[in-house]
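Here's a quick briefing to read with the model open beside you. Have a look around it, then work through the points below.

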Amino acid sequence: MKMMKIKYFFIAIASVSLGSCTKDFVDLTPKGAFLSDNYYANQEQATAALVGVYDPIRKNTGGFENTIAMMNAGSDDHVAGGGGATDGAGIQGFSNHTLTSTNIPGSFWNDYYQGIFRANTLLVKLPGVEMTEDLKERFTAEARALRAIYYFDLVRMFKNVPLLLDPLTATNMYDVEQATPEAVYAQIENDLLAAIPALPGDVPAATESGRITKGAAQAVLGKVYLFEGKKPEAAAILAEVNGTPGATNKYGNKLLANYSDLWVVANKFNSESLLEVSHTSAGNSDWWFWGSGADEGNTLNVMVGPRSYSRPTGSTAPDLPSGWSFNCITQDLYDAIKADPRFGATVFDLKALKAAGEADYIGGYQDTGYFLNKYLPRKSDVRTGGGAAELNYKQNSYIIRLADTYLMEAEALGSGARAQALLDAVRARVGLLPVPVTLAAIKNERRMELAGEGLRFFDLVRWGDAGAKLGSRGFIVGTSEIFPIPSRELQGTKLKQNPGYN
Amino acid sequence: MKFTKLFVFCFLSILFSVYAHAQDVNVSGKVYDENGLPIPGVSILVKGTTKATASDFNGNYAIKAPAKGTLVFSFIGYSTVQESINGRNRIDLKLIAESLSLQEVVVVGYGTQKKSVVTGAISSIRSKDLEKIPAGRIEQALQGRVSGVTIAASSGQPGATSTIRVRGVTTFGDSGNNPLWVVDGVVVDAGGIGFLNQSDIESIEVLKDAASAAIYGTRAATGVILVTTKKGKAGKLTVNYNGFSGFSSPAKTLHLLNATQYGALLNEKSVAAGGSPIFSNVSALGVGTDWQKAIFNTSAYRYSHELSISGGSENSTFYTSLGLQDQEGIVSTEISNYNKKNFRLNSTHKLSKIFTFGQTLGFSRQKSVGIGNTNSEFGGPLSSAINLDPTTPIVEMDPIKANAAPYSVNLVIRDANGNPYGISSIVGQEMTNPLAYAKTRLGNFDWSDDVVGNAYLEAAITSHLKVRSTFGGKLAYWGDQAFTPVNYLSATSNVLKNSYGKNENKSFAWNIENILTYSNKFGNHNLTVLLGQGAYVDNIGGGSGNTLFGLPISDYRDASFNFDIAQSERSSATYDLVEHKLTSLFARVNYDYNEKYLFTGIIRRDGSSRFGANNKFGVFPSFNLGWVVTKEDFWKENNVLNLLKIRGGYGIVGNDAIPDFRYLSLVAGGNNYSFGNEGEITTGYANQTLDNPDLKWEETSQTNVGFESRFFNDFNLTVDLFKKTTTGILRPINIPGYVGVTTNPAGNVADMDNKGIELELGYKKRFGKVNFSINGNVAYLENEVTYVATDSKFITGDASFQSMGAVTRTQVGQSYNSFYGFKTNGIFQNEEEVTAYANSAGVVIQPNARPGDFKWVDTDGDGSITDADKQFLGSNIPKYTYGLTLNLDYKGFDFMAFAQGAAGSKIFQGLRRLDVGNANYQTEALGRWVGEGTSNDYPRLTNNDTNGNFGKMSDFYLENGDYLRLKLVQLGYSLPIDAASKIGASKIRLYLTGENLLTLTKYTGYDPEIGGGVFGIDKGVYPQARTVMFGANLQF
């Protein structure tokens, strides 16, 4: 009996042992992910891949290194702020225009190229996907429009960037060179022009809002033309979007009656919104994947909140969660906007509240006491479920809204009745009387209307005003208009650093 | 002549026998070992006769011998003793194990070898060395005991792991550098060795050289640590108890500013930046709160009980044990403690003449309550205690303040009397009142259950040929549980809805090994050949976590997952582990000629699931040679050099400790976006990286040369020199961002050398009734990166600090993860010095600096301070590690002292939170620059530090990490055998132990021993405790 058992023991061991000798034993197939060769087979997978192309657009207000916080910091309307002079080397460096190839956050380069890589991959794969031709056309249009949006940010931020329209491989990745900005702009136009006809004019709000529409692509194209100095083309395409000033356009867009409603968290994808970045708390965002593809929260909210905010009993000050005191508003903007009806929606005047004993806080770095009310974190928006509360704010952010396209068209036109009507419509909405349309009036209106939305720095550069407005902040004309290329991109590659940087 | 000798011999024999016959006495007694355990089978010979007997299972013997004769006691592995009878009837005798004996056996992996013929660099620790170390984690017991093994605790939290590096840092990264632990033949990962109970360990062997470790092939590059647990011995049932209890206290506290000093400095900082003073009357602030005193426990209780029973018959032996350990931490004790229970059963059974069956099985249950953040700048009790202002009270007793904001309007934490814990209005962010914080973490703990064991069947087919099949496995369950109540610790740290969550994980690993051993002796030729085959699978399993929000309770004791919580208030996560498989064939030849000329050769072929199609299999060869010079005929026996063995070898081993499937480009989820206005998420898929089918083994080749010697009879010296070269270090390749992938592909990107010398010296002597021994070891190590793939000249380091970013860098010609930053060159004393500080072209280098600011070294001479001026500032890897053990015993008393330390490294002292301007300072800040000539090494304080005095990574943050620590002192007393036997015990020993009594160091933080992925990064490491314990050791 005992010997029998021993025999079985050996047989069992021998069979396991022999099975383990073959190569198959150590040849495993990954689970929970797909091999690149087998993916992009059907509509479901193509949709998931398209979502991957959208993912980086969240950079506008997602993650610590988000576009609005960064671009605000470099303008004359805001300081970098934060906890100290080294809190966010990139944002601090841009604020005092001392960016270098090592302190420029690489993500402002990488994240957009991730979107471009995914768009390129999807565009290569789409012809082979099993799905209707109509849907393929729409997917193609969305991928091209997103690629254009990503290149538009890259070319404005870095100017001299590689223009990649096919996914790279391990063998050719070091052969890449930078394209001229003209070539990049030409491709952006090309992509948008090709996309516009195939994009829907409207999408179902509950399930698809946030996807690129015809109006969104036209608005982006108008902006692209404006930055290229192609004013007639800009005016023409923006007129398509704007329609009759003050009235509802053909896609159903209209200025909101109440300016402050633009910043109500629940007011997602409202009628004024043309291209909007979507945030949600459903991703349970947490520190360990903060800023990555699975992080869906709005980080700008917590960044601009005051530090250690508190109120005494019976205070009438708003009940706010605390933040990190980035992007404090400069005295310059404060003075300029103080008398404007948009002041209250734009500036949270904590300095006044503190002086009145209504609220208290700990001043951060470069504290001015004026906080960006448009994106201030709200108590009602604090996540109480999974993830880190700080990272799960769900306020969406605008990339382009109708007031912006009104003012851009007015700027492209420069003068005339339509330009006047566009400017008047923006002012009338907040109860301001008309002023004669001039470039100076448009510039001022853009500053008041769009303060804190990350647009000011590019506006100053486009107008050639950056040197005058930002000289005291360390801005060097001829260099500081664009970012330095991140040092990693120069190592072992054929890329060249931007002029003025080393 | 011959005839005469024979005649004399016969005559004497007769004479003796007659004489003996006339005066014979009955002698009886007991033979026991150093632990008081009886030794069966000891041969007892009446000197000069052939008359002999042997001790029985209980160590007892009886023999008739001449009253004036001599008894010779001998047993394999023990020193032979000649004892004069002197007419006694009872002789109890202790036999001392021959630790330096040629008979000593060393575990070498898949077998044992006589120490005399071992050719590799193997360090051993025996159970008797481990017994005196208070039971903690096994890594702690190894620290300072073996040369060439650098061990540093990663935390003083009870039960915390240590970082272990065998012969330096072998590869890049953290986990890939952990040595391979093999417990009774079962491979267990380093994090999972907590289940081991120290007193169950028979021996630990560290295989340091490649030629010894090569038998473990692909996983041996970082060294192999073999643990063998105790087995029963045939004979009387032995019961052994060892227990102790004691109290721990912090060995050192920091010198922080008191409230008055703090207020003065804060005012100065504010005024320097153009602001107004913060406090109007600093002297009114008084001493303020000592936050360290509030969190440190000076009498944290600790105890341990271990009980083992062993014994058996000729055919079956067993060893079984039970252990219980409980330890309170010295920081915030209510949320820092550790408990471990374990059980072991090992047995061996001779089934027949041919077959032997054996098994080992260990089970342990650990529960650990931790303080949350340690060695982190983002909160936790230590960081808070260091950074919080001393002006905030621990508890707000002033009713006016306690009824005002923030206490009045928020869910603040209160003490037992209902008074709110103080909330700082000056220092914010993650720094919170550590006492209040502790109350919010009461329901948090980690747990783990481990079952590790193996079973083997061995067939001795002939006396030379053996076949053994072993099946081993480790089943691990671990998880954590957390209840977070609604609370308001500060404006930044508050929770509006309570949550209760748990994570549960399971992993299983198994291996099967079949080994054929042939061993024979042909004249003076000794040959052993081993052929083996193995299959290893680990990482089978997965885990899940669930969190409920908004439970209708407020106390953690009432928390339950049975509450009916809506689906929208639940979050969950589930994952699968990715299996890792290896298939192996291996062979070893041991040959020696008369134990004089020695040879060992090993070859192993491994296939790993972690590599691409083109490089799935790797072959790892090695050899060692040895020559025992003192065995040569020309070597005359002498009292100067008694033994000399010269040995050396070369081998190649591998390392596949990289993430799975790195050779494939996978399309994976997690690139999500939310469409629609309802906040729902759509999962996005994208290619994660680029393919790299050529991914191959990281190889480590090592040359080892050394010698073992004994001289002047009492000294032992072992010296090893090694050079270890790692080529093709596996690491994610940092590819250009424009490629657009989210995960960098793995590549073989760098090479690194470790060179070193190891020395172990021992001295043992008996002076009258005093036994004295001293053992020391010292190792020197040099680490140098020799190649980094051309596309990047360096690799950004793995350690970062707050907003400074990386504070280390890996570059050719430097040691791995060397500190990298600006070099200071004193402080500008006045404006003239600022303007005078110009480069060769006359450009003022720091035009914006103010007196009191650091003068940065303009390394590249370009006239401005940029990142290009950063330079290497030292290494965090200790160049020297050393240990010294002293043992003394006299009659019943024994004394042991053990010291250990490290030298030649730097520590980054980052205890202060940079972005919290109002954070407290250490008293060093009192010596800051306040005017010309006041300081040349501590800059001025200002809220507007534009020069980056504190914000830049510089040598200002680095300190000398040398230390020597009196780790253990023990004084014991054993009752005489007679006294012990009166209560039926064979041994009663009482002892007093002091742990960590003294540390000599210049380091200004809590503790210079700082482990972790990168050594020497101190952001508030939980310090090691000082403990005094009283214990007892009983044997029956």
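What follows covers cavities, a surface patch, some long-range neighbours and a few backbone oddities.

This is a predicted model, so local features need pLDDT of at least 70, side-chain atom pairs count only at pLDDT 80 or more, and totals for chains, interfaces and linings use all residues. Residues are numbered from 1 along each chain as its sequence is written, chains are lettered from A and ligands numbered from 1 in written order, and side-chain values use heavy atoms, with hydrogens and water left out.

**Empty space inside**

- Rolling a probe the size of a water molecule over the atoms shows where empty space is left.
- A cavity here is a set of points, on a 1 Å grid over the protein atoms alone, where a 1.4 Å probe fits but cannot get out.
- The structure has 14 cavities of 30 Å³ or more, and the largest has a volume of about 410 Å³ (the space filled by probe spheres set on the points, which are joined across faces, edges and corners).
- That largest cavity is lined by 30 residues (lining residues have an atom within 4 Å of a point), and nearest its centre lie B:Gln140, B:Arg302, B:Gln327, B:Glu995 and B:Gln1024.
- Helix H3 (138-142) and strands S19 (316-328), S53 (963-974), S54 (987-1001) and S56 (1025-1035) of chain B are the elements that give two or more residues to this lining; helices (H or I, at least four residues) and strands (E, at least two) are DSSP runs, numbered from the N terminus.
- S53(B) gives the most to the lining, with 3 residues.
- The lining splits into 10 nonpolar, 13 polar and 7 charged residues; Ala, Val, Leu, Ile, Met, Phe, Trp, Tyr, Cys and Pro count as nonpolar, Asp, Glu, Lys and Arg as charged, and the others, Gly among them, as polar.

**A nonpolar patch on the surface**

- A nonpolar patch joins Val, Leu, Ile, Met, Phe, Trp or Tyr side chains within 5 Å, using residues with over 30% relative accessible area and no salt bridge (a side-chain nitrogen of Lys or Arg within 4 Å of a carboxyl oxygen of Asp or Glu).
- The members of this patch, including B:Leu964, B:Leu997 and B:Phe1030, have about 760 Å² of accessible area together (Shrake-Rupley method, 1.4 Å probe, with only the protein chains shown counting as cover for residues).
- S53, S54 and S56 of chain B each give two or more residues to the patch, and S54(B) gives the most, with 5 residues.

**Far in sequence**

- B:Lys252 and B:Tyr1006 are 754 residues apart in sequence, yet 6.0 Å apart in space, C-alpha to C-alpha.
- B:Lys252 sits in the loop between strand S17 (235-250) and helix H5 (259-272) of chain B, and B:Lys252 is partly exposed at 29% relative accessibility (buried is under 20%, exposed over 50%, partly exposed in between, with a 1.4 Å probe and protein chains only).
- B:Phe854, in strand S47 (residues 854-856) of chain B, is buried at 1% relative accessibility.
- B:Phe854 and B:Phe950 are 96 residues apart in sequence and 9.4 Å apart in space, C-alpha to C-alpha.

**Backbone oddities**

- Most residues other than glycine have a negative phi, and most peptide bonds are trans.
- The bond from B:Ala405 to B:Pro406 is cis, with omega near 0°.
- A:Ser325 isn't a glycine but has a positive phi of about 55°, and A:Ser325 is buried at 0% relative accessible area.
- B:Asn713 has a positive phi too, near 65°, and B:Asn713 lies in the loop between strands S37 (698-711) and S38 (715-732) of chain B.

How values were computed: 1 Å grid on protein atoms, 1.4 Å probe; cavity = no way out; pocket = protein on both sides within 12 Å on 5 of 7 lines; lining within 4 Å. Patch = residues over 30% accessible without salt bridge, like charges linked within 9 Å, V, L, I, M, F, W, Y side chains within 5 Å.
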